[in-house]
Amino acid sequence: MRHVERAKVRAATWLYRWSLAQGIVGVIFSALTFAGVFTILLEPVFAQIGLDYFDTLIVLVVIAGGLVVGLAKPAPLTW
């Protein structure tokens, strides 16, 4: 009976980690999609101040990264 319980815990742990990884990948792809689309849309605006596509992309990736980190809910401390 112990072997079956251990297998269930292992499967539940694996599913939890898989779900967590999928969430992280989703956030990363969303941030990169935001940066890519708005790089194309805002490049003419940033070109007026001397930034090219790459510079515009870097600015938007930094903004998206700052939003992801800034709006992240901190994990509760459990002792």
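This passage describes the fold, surface and side-chain pairings of a single predicted chain.

The overall picture is a simple one to start from. The secondary structure of the chain comes to 2 helices and 0 strands. The radius of gyration is 20 Å, well over the 12 Å that the globule rule gives for 79 residues, so the chain is more spread out than a compact globule. Along the principal axes, the C-alpha atoms fill a box of roughly 70 × 25 × 15 Å. Helix H1 covers residues 2-47, and helix H2 covers residues 53-71. A pair of positions in H1 gives a feel for distances along the chain: Lys8 and Glu43 are 35 residues apart in sequence, and their C-alpha atoms are 52 Å apart in space.

Burial and surface come next. Buried residues make up 10% of the 79 residues in the chain. The accessible surface comes to about 6,800 Å², and 74% of this area belongs to carbon and sulfur atoms. Part of the surface is gathered into a nonpolar patch of about 1,100 Å². The residues that make this patch include Tyr16, Leu20, Ile24, Val25, Ile28, Phe29 and Leu32, together with Phe54, Leu57, Ile58, Val61 and Val62. H1 and H2 are the elements that give two or more residues to the patch, and H1 gives the most, with 7 residues. One of the patch members, Tyr16, has its place in helix H1; its relative accessible area is 57%, which is over the 50% cut-off, so Tyr16 counts as exposed. Lys8, also found in helix H1, is likewise assigned to the exposed class because its relative accessible area of 58% is over 50%.

Two residues of H1 with little accessible area deserve a closer look. Thr39 lies in helix H1 and has a relative accessible area of 6%; this is under the 20% cut-off, so Thr39 is buried. Once the neighbours within four places in sequence are left aside, the contacts of Thr39 are with Tyr53, Thr56, Leu57 and Leu60. Leu57 in this list is also one of the residues that make the nonpolar patch. Glu43, in helix H1 as well, is buried because its relative accessible area of 12% is under 20%. With the same neighbours in sequence set aside, Glu43 is in contact with Phe38, Leu51, Asp52, Tyr53 and Thr56. Tyr53 and Thr56 therefore appear among the contacts of both Thr39 and Glu43.

Charged pairing is quickly told. A search of the whole structure finds 1 salt bridge. It joins the side chains of Arg2 and Glu5, with an N to O distance of 3.4 Å. These two residues are 3 residues apart in helix H1, so about one helical turn separates Arg2 from Glu5. Arg2 counts as exposed at 63% relative accessibility, whereas Glu5 is partly exposed, with a relative accessible area of 37%.

The aromatic side chains offer a little more variety. A search of the whole structure finds 2 aromatic pairs. In the pair of Trp14 and Trp18, the ring centres are 5.9 Å apart and the planes are at 15 degrees, so the pair is stacked. Trp14 and Trp18 are 4 residues apart in helix H1, and about one helical turn separates them. Trp14 counts as exposed at 54% relative accessibility, while Trp18 counts as partly exposed at 48%. In the pair of Phe34 and Phe38, the ring centres are 4.9 Å apart and the planes are at 45 degrees, so this pair is tilted. The reason for the label lies in the angle: planes under 30 degrees apart count as stacked and those over 60 as edge-to-face, so an angle between these limits is classed as tilted. Phe34 and Phe38 are also 4 residues apart in helix H1, with about one helical turn between them. Both residues count as partly exposed, Phe34 at 30% relative accessibility and Phe38 at 34%. Phe38 has a further link within the model, as one of the residues in contact with Glu43.

Technical notes
Residues are numbered from 1 along each chain as its sequence is written. This is a predicted model: local features need pLDDT of at least 70, side-chain atom pairs count only at pLDDT 80 or more; totals for chains, interfaces and linings use all residues. Side-chain values use heavy atoms; hydrogens and water are left out. Buried means under 20% relative accessible area, exposed over 50%, partly exposed in between (1.4 Å probe, protein chains only). Contact means heavy atoms within 4.5 Å. Patches are made of residues with over 30% relative accessible area and no salt bridge: like charges are joined within 9 Å, nonpolar side chains (Val, Leu, Ile, Met, Phe, Trp, Tyr) within 5 Å. Accessible areas come from the Shrake-Rupley method with a 1.4 Å probe; for residues, only the protein chains shown count as cover. A salt bridge is a side-chain nitrogen of Lys or Arg within 4 Å of a carboxyl oxygen of Asp or Glu. Rings of Phe, Tyr and Trp (its six-membered ring) pair if their centres lie within 6.5 Å; planes under 30 degrees apart count as stacked, over 60 as edge-to-face and the rest as tilted. The radius of gyration is taken over C-alpha atoms; the globule rule is 2.2 Å times the number of residues to the power 0.38.
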